[in-house]
Amino acid sequence: MAKYLVDSNLPQTFNLWQTDDFIYAISIKIDGDDNLIWNYAQENNLTILSRDKDFADRILHSNPPPKVIHFRVGNIRYPHFRRLMNEQWNRIMFFNHNYKLVLVYNNSVEGIK
């Protein structure tokens, strides 16, 4: 059963996210519509992975579900993104278990309750 909903603004081919724990907004035809993505994640108790600031703003005024992991890494190339995720994924997951919003930067990870 899926735990994470990957927004269409993130790589669809990232190996770490090619398990049953991840579902892609584009594969369930809700990509591009923030309300549909939010509602789907809420109904299915998922964490949204996105580069879209709107989800981070929305969770600040809500209670989970969903939770949000917001990637604030700018326009980086896929190899750099892959390296960052491989280095930080365990830390991101730790924060995701303890916070409703996880902010992922190029050099750090932060959580907000």
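Visitor: Not counting residues up to four places away in sequence, which residues does Leu 103 touch?

Guide: Let's start there, keeping in mind that this is a predicted model. Leu 103 touches His 70, Arg 72, Ser 108, Val 109, Glu 110 and Ile 112, once residues up to four places away in sequence are left out. You'll find Leu 103 in strand 5, which covers residues 101-104.

Visitor: Is Leu 103 buried or exposed?

Guide: The cut-off for buried is under 20% relative accessible area. Leu 103 has 7%, so it counts as buried.

Visitor: And what separates Leu 103 from Tyr 24?

Guide: Here you can look at two things, the path along the chain and the path through space. Leu 103 and Tyr 24 are 79 residues apart along the chain, and their C-alpha atoms are separated by 20 Å.

Visitor: Now the strands. How many bridges join strand 1 to strand 3?

Guide: When you look at a pair of strands, check the bridges and the direction. Strand 1 (residues 4-6) and strand 3 run parallel, joined by three bridges. Take Val 6 as an example: its bridge partner in strand 3 is Leu 49.

Visitor: In what sense do strand 3 and strand 4 pair?

Guide: They pair in the parallel sense, over four bridges, with strand 4 spanning residues 67-71. On the ladder between them, Ile 48 stands opposite Val 68, and Ser 50 stands opposite His 70. To get from strand 3 to strand 4, the chain goes through helix 2 (residues 53-60), and this β-α-β crossover is right-handed.

Visitor: How many bridges join strand 4 to strand 5?

Guide: Four, and these two strands run parallel. One of the pairs to look for is Phe 71 with its bridge partner Val 104 in strand 5. This time the chain crosses through helix 3 (residues 78-98), and the β-α-β crossover is left-handed.

Visitor: Which residues of strand 3 are on one side, and which are on the other?

Guide: Try following the strand residue by residue. Thr 47 and Leu 49 are on one side, while Ile 48 and Ser 50 are on the other. All four are buried, so both faces of strand 3 (residues 47-50) are covered. Strand 4 is mostly covered, with four of its five residues buried.

Visitor: What about charged side chains? How many salt bridges does the count come to?

Guide: The count comes to one salt bridge. The side chains of Lys 53 and Asp 57 meet there, at 3.0 Å from N to O.

Visitor: Where are Lys 53 and Asp 57 relative to each other in helix 2?

Guide: They are four residues apart in helix 2, so about one helical turn separates them. Lys 53 is partly exposed, with a relative accessible area of 45%. Asp 57 also counts as partly exposed, at 30% relative accessibility.

Visitor: Which side chain of opposite charge is nearest to Asp 52?

Guide: That is Lys 53, 8.5 Å away. Asp 52 is buried yet has no salt bridge. Find it in the loop between strand 3 and helix 2.

Visitor: What does the side chain of Asp 52 reach?

Guide: It reaches the backbone nitrogen of Asp 54, at 2.8 Å. Leaving aside neighbours within four places in sequence, Asp 52 is in contact with Asp 7, Asn 9, Asp 34 and His 70.

Visitor: Let's try the backbone. Which peptide bond has omega near 0°?

Guide: Omega is the angle to check here. The bond from Pro 64 to Pro 65 has omega near 0° and is cis. The bond from Pro 65 to Pro 66 is cis too, with omega near -5°. Pro 65 lies in the loop between helix 2 and strand 4, and Pro 66 has its place in that loop as well.

Visitor: What is phi of Lys 29 near?

Guide: Phi of Lys 29 is near 60°, a positive value in a residue other than glycine. Lys 29 is found in the loop between strand 2 (22-24) and helix 1 (34-43). With a relative accessible area of 69%, Lys 29 is exposed.

Visitor: And where is Asn 45 found?

Guide: Look in the loop between helix 1 and strand 3. Asn 45 has a positive phi, near 55°, and is a residue other than glycine. Its relative accessible area is 55%, so Asn 45 counts as exposed.

Terms used
Residues numbered from 1 in each chain as written. Predicted model: local features only at pLDDT ≥ 70, side-chain atom pairs only at ≥ 80, totals over all residues. Heavy atoms only, no water. Buried < 20%, exposed > 50% of the residue type's maximum accessible area, 1.4 Å probe, protein only. Pairing = 2+ DSSP bridges. Right-handed = clockwise from strand over helix to strand, strands pointing away. Lys, Arg positive; Asp, Glu negative; His and termini not counted. Salt bridge = Lys/Arg side-chain N within 4 Å of Asp/Glu carboxyl O. Polar contact = N/O pair within 3.5 Å; in protein donor to acceptor, adjacent residues only side chain to side chain. Contact = heavy atoms within 4.5 Å.
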